[in-house]
Amino acid sequence: MWSDVAEAETIPVPAVPGPGVVAVIGLGRLGLPRVVQFASRGWRVLGCDLNPRVVECLNGGLLPICEEPELENELPGLLERGLFTATVNIGEAVARAKVIVVMVPARLDEHQQVDFQDLDATTEVIGQALQPGSLVCYEATLPVGTTQGRLRAMLESSSGLDASQEFFLAYSPERTLLGHGLHDLRTYPKIVGGIDLRSTRAAVAFYRSVLPVEILTLASAAEAEFTRLIELTYQDVNIALANEFACYADEHGLDVMAAIAAANTSPAAHILQPGVGVGGHALPVYPYFLINDTPPGDPGEFQHLRMPRVARQINDGMAEYAVQRIEAAAGSLWRRSVLLLGVACRAETRETTLSSAYLLQTALWRRGATVYVDDPLYTPAELHTLGFQPLPPGRENEIDAMILQMAHRAYQNFDFRKFPRCRVILDGRYGLLRERAEDAGIRYMALGDGREDAAQCLPPVRGKARS
């Protein structure tokens, strides 16, 4: 239910004045777009990061990671106008700021449980330097109730201040894609929920001063946290459904992409694209923030959030299914060489967090295959560091099969003729030009294309999903 902050205008609650000084804690791919956006609206931004190299680069007008041209273009001007400074001293920045925006994430450990270590440490530092009248707003994705419960208690304990009277505390989920941060900040509605009405109003006042979009207010910080988890879990479940459709299409000799495209002409359908897995820092991680909050009950009890649990298993099982498709077409992979095209978890983005390339590599290793990789966004040395074996020059004639793991634009013009021994390629992202592969004498396959050999494959593995 939407709360109407405007109806409470008669209540004498102080708002955060602006423009003023805002501290943005965490200068990664999500924090930097906020730095630029806030500073472009006249706020003096103190950007905080514990990595001295990141701070040095930014103070020199350089981006540690150049994936958004808008950031690269706007940052130097903001530095020249004195609207942005980067620092490793979080406490000093917090003490000077009217608003503190926290981009430090909660993570998953190896047992798929929430790891608050980094967020707790940052919150403790914030609390020790927090000044009366400041607004603290968390934006990284969090389990429901974290802001109102865990973080409020830590801030109050370390600051000696009361969040209901002496400072403001709110949650506003980040809703930006990697590589599209500024665009998304300037396009999509901003969701805000405070721990109480006064905090909600303070957060709304701040975001209205820095963003050109609609501000949507929710009844609580917990409701805002829940909203973000709904968004992400919906995507994961939708992709899992598309993957199930792809496996069904293979079993019955149907073309899943044609069927999905036709179904999506109805306003009642919006099926996403199947693929060899779901990677990144968000979709494979944040559904567990909901799943872990509702542990499985006894066999006779009704179990909540069953679909997110199964979706995680389906999506992580697609790597195994893809390798089965290759085997069904090309035979045993024992002592044969397979080339993975793309190790990134998102097209045109230098990010490998929980990339499906790792699951594919493991599935191929289990069958005794030699696995090589190619990715135009990484150097051979970087690929080695990430745990992959780049294809050495001159070894193209050893490749027996290929799998497209990530659809970088460069692969649309990939020269398949350099691989005379390759018998089959599986397009795991619908990102290749079929004609180019077949003109080189390579058999082209895609997930859900209904090829005859696809019916020999087993359903995706339903084992334990990865963390």
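A residue is called buried here when its relative accessible area is under 20%, exposed when that value is over 50%, and partly exposed in between. With that cut-off in hand, the reader can follow strand β9 through this model, which is a predicted one.

Strand β9 covers residues 190-194, and because 5 of its 5 residues are buried, the strand is largely enclosed by the rest of the structure. In a regular strand the side chains alternate between the two faces of the sheet. In β9 both faces are covered, with Lys190, Val192 and Gly194 buried on one side, and Ile191 and Gly193 buried on the other.

The pairing of β9 with other strands can be traced next. Strand β8, residues 168-171, pairs with β9 in the antiparallel sense over 2 bridges, and Tyr171 has Gly193 of β9 as its bridge partner. Strand β10, residues 215-217, pairs with β9 in the parallel sense instead, over 3 bridges, and here Val192 stands opposite Thr217 of β10. Helix α8, residues 197-210, joins β9 and β10 in a β-α-β unit that is right-handed.

Further along the chain, an open sheet of 5 strands is built with parallel pairing, in the order β12-β11-β13-β14-β15. Its edge strands are β12 (370-374) and β15 (443-446), each of which pairs on one side only, and the twist from one strand to the next averages 20°. At the β15 edge, the parallel pairing with strand β14 (residues 424-427) runs over 4 bridges, and Asp427 stands opposite Ala446 of β15.

Burial is also a feature of helix α1, residues 31-40, which is mostly covered, with 9 of its 10 residues buried. The buried residues of α1 include nonpolar ones such as Leu32, Val35, Val36 and Phe38, but Arg34 and Gln37 are buried in the helix as well. Just after α1, Gly42 takes a positive phi of about 95°.

The surface offers a contrasting view. Val144, found in the loop between β7 (135-138) and α6 (147-159), forms a nonpolar patch on the surface with Phe226 and Ile230, and together these residues have about 230 Å² of accessible area. Val144 has a relative accessibility of 34%, so it counts as partly exposed, since that class lies between the buried limit of 20% and the exposed limit of 50%.

Notes. Residues numbered from 1 in each chain as written. Predicted model: local features only at pLDDT ≥ 70, side-chain atom pairs only at ≥ 80, totals over all residues. Heavy atoms only, no water. Patch = residues over 30% accessible without salt bridge, like charges linked within 9 Å, V, L, I, M, F, W, Y side chains within 5 Å. Areas by Shrake-Rupley, 256 points an atom, 1.4 Å probe, with all protein chains shown as cover. Salt bridge = Lys/Arg side-chain N within 4 Å of Asp/Glu carboxyl O. Buried < 20%, exposed > 50% of the residue type's maximum accessible area, 1.4 Å probe, protein only. Pairing = 2+ DSSP bridges. Right-handed = clockwise from strand over helix to strand, strands pointing away. Axes fitted to C-alpha atoms, helices over the stretch in contact; angles between N-to-C directions.
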